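Student: I should like to learn how to read the features of a structure, one at a time. May we begin with a strand and proceed from there?

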Amino acid sequence: MISQGFFARFLAFGVNVTLTRRDVENIAQLARLRIAEEELPVYVGSLSRIIEFVEQLGSAETDEVEPMAHPLEDQVQRLRPDEPTETDHREEYQRNAPAVEAGLYIVPKVIE
Amino acid sequence: MSLHLKTAAELGRGIRAGEFSSAEVTRHFLDRIGQGNGRLNAFITVTAERALEDARRADAAVAAGKGGLLTGVPLAHKDIFCTSGVLTTCGSRMLSNFVSPYDATVVARLAAAGMVTLGKTNMDEFAMGSSNETSFFGPVRNPWDEERVPGGSSGGSAAAVAARLAPVATGTDTGGSIRQPAALTGLTGVKPTYGRVSRYGMIAFASSLDQGGVLAQTAEDAALVLEAMSGFDPRDSTSVDAPVPAYSAQLDRPVKGLKIGVIREFFGEGLDPATGDAVQAALEVYRSLGAELVELSLPALPLSVPTYYVVAPAECSSNLSRFDGVRFGYRCESPTDLHDLYTRSRGEGFGAEVKRRIMTGTYVLSAGYYDAYYLKAQKVRNLINADFKRAFAEVDLLAGPTTPTPAFGIGAKVDDPITMYLNDIYTIGANLAGLPALSAPCGLVDGLPVGLQLIGPHFAEPRLLEAAHAYQRETDWHRRAPSAWA
């Protein structure tokens, strides 16, 4: 089916493992994701491969290139008048909440 | 002909002409889902009662002389579209208990067109995947070979339409998630221009790339449904305020004189030769119809996969920060403090691929790395965009294969993210540049469908649909259903 050369061209790019276990723990912490101890090595491996893979962007000459801000040229973020358009849906929305009391979302105690 | 082998257009005509009722059609498809879904796992939720209610309403509208082209025709929605009062999971444990309080604009528009909602289709978790294997609700099977994947992320929609469990289905496409599964299941799949279809109520993955669209049997069906779902929506700040052409009314424009650019980079090393032959044969059909074929090079295009795997994870890490276990969605058991609540709810609620992408995005956006990765990728994105612009100064449409190979085996690529990501090597470019693109079935390789991809300049949906329709008048690949499901 698919020729090996095709993948080799991408997969051979960058051979150093770029991320350490410590790096991945930091990233997970920033992303507020609890990663089980035994899963960490899997993420160290796959995230390193992804980062190595995207390193090939460095080969593109972009000194004179503007970063792309929007897929459609001349399209800017549309603003709307600052007028209320929504009605109160609190009760309806709180039906999906894990814990609610007296119309409030309940979380563990934040301030001791 | 059995009802399920009819196209959406044929079903609409039959319902309006009184040959059969929407209720009959709807029951027929619900029965097929009941019999077939256990094998394919294409649907996460079937909304039978609601569908029959929709059908009764449609039949009443037709009886009152108020039926439109799609009135009474059933459809399935990808489970990324919020559906009022119905479970909307996005294929994730995180939303496995989420009953949407409102309708996505796409859902509301298609309901207003009289369409009947059969249910919600399975998908890769948060639309992140190319094989529908990352779903919390289990993999979807390809009706052409149940040991193979249907593609992803709109894999449930693709399998449902390919197996004729639904005449047509919605999908979303961030890097190929409509076109790739359409190709691997023998369907016509359209990803419209960025901003053409409202993203309101469409659960966000990568907001500068995401676009809703349709998976159908034919270009005609795709045109009909796209027309009904497109258009300006003040509730989506990226929605484009421009009139929607009557796509279905101009399908018969001839392709004679059409200039089609054949993308050289798409026919190189890596393309399965038999898939390439099928695509070349399709291009010859265009030549025989009077289209002019021009070979073109888009030199920055091979960088589209690494560009995407910076931009999409960056946007996903930001979008998915809303899932915090507080206001809706999954919450872990007995959190000890707020931090524990956040990290465990997210760690347990998201699957491995979603976590991998959130972490990739967090890394490329983190202090000290932003310029090297995200800014660099947005610059390369502009190079890719410039390549497309140059090409469209010369030609009307671009053409190539949709995928490098036909459908692969379930489990074959799950261990290596990069190998999986390379499935979208031909489709990602259109997302990066916001261009409309479609995949149309153009042959069978060892009994498995493969697709021809057509890419157009912004808002060239009419040209794309016309070109696909012209091809479908000359060929019958689009009318083939997998024999086990015909």
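Student: Are the residues of strand β5 (residues 188–191) of chain B buried or exposed?

Tutor: A residue is buried if 20 or more other C-beta atoms, placed from the backbone, lie within 10 Å of its own, exposed if 12 or fewer, and partly exposed in between. Strands (E, at least two residues) and helices (H or I, at least four) are DSSP runs, numbered from the N terminus. In β5(B), B:Thr188 and B:Val190 on one side and B:Gly189 and B:Lys191 on the other are all buried, and both faces are thus covered. This is a predicted model: local features need pLDDT of at least 70, side-chain atom pairs count only at pLDDT 80 or more, and totals for chains, interfaces and linings use all residues. Residues are numbered from 1 along each chain as its sequence is written, while chains are lettered from A and ligands numbered from 1 in the order in which they are written.

Student: Which strands pair with β5(B)?

Tutor: Two strands pair if DSSP finds at least two bridges between them. Strand β6 (residues 211–216) of chain B pairs with β5(B) in the antiparallel sense over 3 bridges, and B:Val190 has B:Val214 as its bridge partner there. Strand β10 (residues 437–445) of chain B is likewise antiparallel to β5(B), over 3 bridges; in that pairing B:Ser439 stands opposite B:Gly189.

Student: Which residues touch the most other members of the largest nonpolar core?

Tutor: A nonpolar core is a set of buried Ala, Val, Leu, Ile, Met, Phe, Trp, Tyr and Cys residues joined through C-beta atoms within 7 Å. The largest one has 169 residues, and B:Ala160, B:Val161, B:Ala166, B:Val225 and B:Leu454 touch the most other members. With 9 residues, α12(B) gives the most to this core. Two residues are in contact if their C-beta atoms, placed from the backbone, lie within 7 Å. Leaving aside residues up to four places away in sequence, B:Leu454 touches several residues, among them B:Leu397, B:Ala437 and B:Leu464.

Student: How many residues does each chain bring to the contact between chains A and B?

Tutor: Chain B brings 62 residues and chain A brings 48 residues. On the side of chain B that touches chain A, α12(B) gives the most, with 11 residues. By class, that side has 30 nonpolar, 20 polar and 12 charged residues. Here Ala, Val, Leu, Ile, Met, Phe, Trp, Tyr, Cys and Pro count as nonpolar, Asp, Glu, Lys and Arg as charged, and the others, Gly among them, as polar.

Student: Where does α12(B) bend?

Tutor: The bend at a residue is the angle between axes fitted to the seven residues ending there and the seven starting there. For α12(B), the bend is about 30 degrees at B:Lys376.

Student: Which backbone angles deserve attention?

Tutor: Most residues other than glycine have a negative phi, and most peptide bonds are trans. A:Arg32 has a positive phi of about 55 degrees, and its place is in the loop between α2 (21–30) and α3 (40–54) of chain A. A:Arg32 counts as buried because it has 20 C-beta neighbours inside 10 Å. B:Phe126 also has a positive phi, near 50 degrees, and is found in the loop between β3 and α5 of chain B. B:Phe126 counts as buried because it has 31 C-beta neighbours inside 10 Å. Finally, the peptide bond from B:Gly152 to B:Ser153 is cis, with omega near 10 degrees.
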